[in-house]
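This briefing gathers a few computed features of the structure shown below, arranged by topic for reading alongside the coordinates.

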Amino acid sequence: MDKETLSELHRVFQQIHSKPNWKSELDVLFGAMRGCFVFDNAAIYLEDRLARGLDVIYARAVGRGKGSEADAAWGENVASEVISSRRVILETSRGGKKQDERVERAFLLGIPLYIGGQLRGAMAFVRFGGPEYVDQHIHIASLLTTWTASVLERKELLEARAELDSVQRQMRLQDDFVSTISHELRTPLGFIKGYSTSLLRQDTTWDDATQREFLSIIDEETDRLAKLIEDMLESARLQSKTIQFKFSPLRLDALVRDVSARVKTHHPDLKIDLKIEPLPQVLGDSVRLSQVLENLFSNAIKYAPGSKITITAKRLAKKVRVYFSDQGEGIPEEFAPFLFERFYRVPGERTVTGTGLGLYICKQIVMAHHGNIWVESVLDRGTTFIIELPIDPTL
Ligand code: ATP
Ligand code: MG
């Protein structure tokens with residue numbers, strides 16, 4: 001190999017490794033190969049064993065093939081032949097209809113594609129009007145195929161790793177959930193049991209005020225337990241999509257005001273600042289959407305105690321947006337992507353109780369409205385949850 005070829009190879013390799021994804025890696029590879037081996041169209045076919053067909057996972061058109069990039073049917077026959085015979089196929093096809101026959105004559109080359117030692121598909125090249133493919137081209141095309149195979153193998157490994165990470169995280173969450181849930185169930189039960197046993201003791205009499213105090217603790221803890229069980233059932237129903245939503249035209253500005261007023265009666269000291277412009281109607285389930293806001297209030301009260309809450313509502317071209325902000329401690333950036341997962345709680349020292357279901361429930365409800373919810377948080381500044389719902393064009 002001469003010096004020039006070596007340095008060219010080195011350049012190509014370096015370029016490939018600087019690319020962010022497998023498709024741009026292949027773009028570099030195929031682009032570089034055009035320098036030593038002419039083709040008008042190239043495509044990679046992978047066998048889809050379930051559907052018993054071929055998937056085109058990459059296609060590139062240059063020169064005379066341009067414009068037909070999306071259409072990779074030209075190589076399907078060659079690719080199938082390569083796969084069934086497990087060898088390189090060379091073919092010349094003749095078209096008849098056009099006057100200029102040279103243009104219509106296609107030289108096809110198919111190379112088996114082995115990934116991880118298994119025949120998984122084929123690469124196909126076509127060149128219109130010749131010259132024919134010769135041994136040297138076949139060697140270069142085979143080299144290109146080997147490189148492609150390693151790019152694809154890496155892609156598959158990365159995908160498998162991402163899936164594994166997600167499964168592992170899910171398993172960890174399930175583990176955490178069992179310990180959280182048993183703690184969350186035991187705490188209110190402990191209070192209820194303790195205070196009712198005290199009240200029932202025959203050797204002690206309690207004055208009226210103390211009795212009322214004990215009973216109100218029992219009452220509150222029962223509510224907490226009921227809410228927890230309701231959240232668990234709700235999240236299970238949302239996950240299995242067995243919840244019936246009752247959609248009707250509603251105005252989010254009115255809904256925000258109603259829920260804020262309700263929360264205020266339970267938390268008279270809470271500062272809520274509403275910056276709401278009149279909004280067009282959306283199609284929504286008012287009970288479920290109230291639940292979303294209630295969960296956000298519950299979080300702000302728990303995780304940003306004493307902070308003012310600001311709710312801003314705005315109209316965009318085809319959507320309405322509600323910003324729900326507190327001025328609490330915020331959420332470290334690395335945890336933000338997982339917040340809406342079922343059972344997820346930000347790790348760390350925990351004095352605040354919770355099961356990690358609230359935001360999961362919010363997300364499922366908003367998605368059922370074809371909307372979106374996400375979080376933006378700055379440490380020591382505060383957290384904003386943003387809800388976006390589509391405006392129904394028929395309303
Ligand atoms: P649950 O809502 O089921 O009682 P939870 O409040 O822990 O439990 P989510 O509402 O899903 O669960 O919230 C997930 C996590 O996100 C919380 O554990 C908390 O760490 C973090 N979080 C949510 N809202 C805020 C907020 N406003 N400020 C800071 N952290 C928050
Ligand atoms: Mg919560």
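In sorting lining residues by character, Ala, Val, Leu, Ile, Met, Phe, Trp, Tyr, Cys and Pro count as nonpolar, Asp, Glu, Lys and Arg as charged, and the others, Gly among them, as polar. The model is predicted, and the points below cover its cavities, one buried tyrosine and its aromatic rings.

**Cavities**
- The structure holds two cavities of 30 Å³ or more, and the largest cavity has a volume of about 60 Å³.
- The lining of the largest cavity consists of Leu 252, Leu 255, Val 256, Leu 289, Val 292, Leu 293, Val 322, Ile 387 and Leu 389, with helix H7 (252-266), helix H8 (286-303) and strand S12 (382-390) each giving two or more residues to it.
- By character, the lining residues of the largest cavity divide into nine nonpolar, no polar and no charged.

**Surroundings of Tyr 360**
- Tyr 360 belongs to helix H9 (residues 358-368), and it counts as buried because its relative accessible area is 8%, where the cut-off is under 20%.
- Leaving aside residues up to four places away in sequence, Tyr 360 touches Ser 235, Gln 239, Phe 340, Glu 341 and Arg 342.
- For Glu 341, which lies 19 residues from Tyr 360 along the chain, the C-alpha atoms of the two residues are separated by 5.5 Å.

**Aromatic rings and charges**
- Across the whole structure there are 11 aromatic pairs, and one aromatic cluster is formed by Phe 30, Phe 39, Tyr 58 and Phe 125.
- Lys 363 lies over the face of Phe 340, at 5.5 Å from the ring centre.
- The charged end of Lys 155 sits over the ring of Trp 22, at 4.8 Å from the centre of that ring.

How values were computed. Residues are numbered from 1 along each chain as its sequence is written. Chains are lettered from A and ligands numbered from 1 in the order in which they are written. This is a predicted model: local features need pLDDT of at least 70, side-chain atom pairs count only at pLDDT 80 or more; totals for chains, interfaces and linings use all residues. Side-chain values use heavy atoms; hydrogens and water are left out. Helices (H or I, at least four residues) and strands (E, at least two) are DSSP runs, numbered from the N terminus. Buried means under 20% relative accessible area, exposed over 50%, partly exposed in between (1.4 Å probe, protein chains only). Contact means heavy atoms within 4.5 Å. On a 1 Å grid over the protein atoms alone, a cavity is a set of points where a 1.4 Å probe fits but cannot get out, and a pocket is an open set with protein on both sides within 12 Å along at least five of seven lines; lining residues have an atom within 4 Å of a point. Grid points are joined across faces, edges and corners, and a volume is the space filled by probe spheres set on the points. Rings of Phe, Tyr and Trp (its six-membered ring) pair if their centres lie within 6.5 Å; planes under 30 degrees apart count as stacked, over 60 as edge-to-face and the rest as tilted. A charge sits over a ring if NZ of Lys or CZ of Arg is within 6 Å of the ring centre and within 35 degrees of the ring normal.
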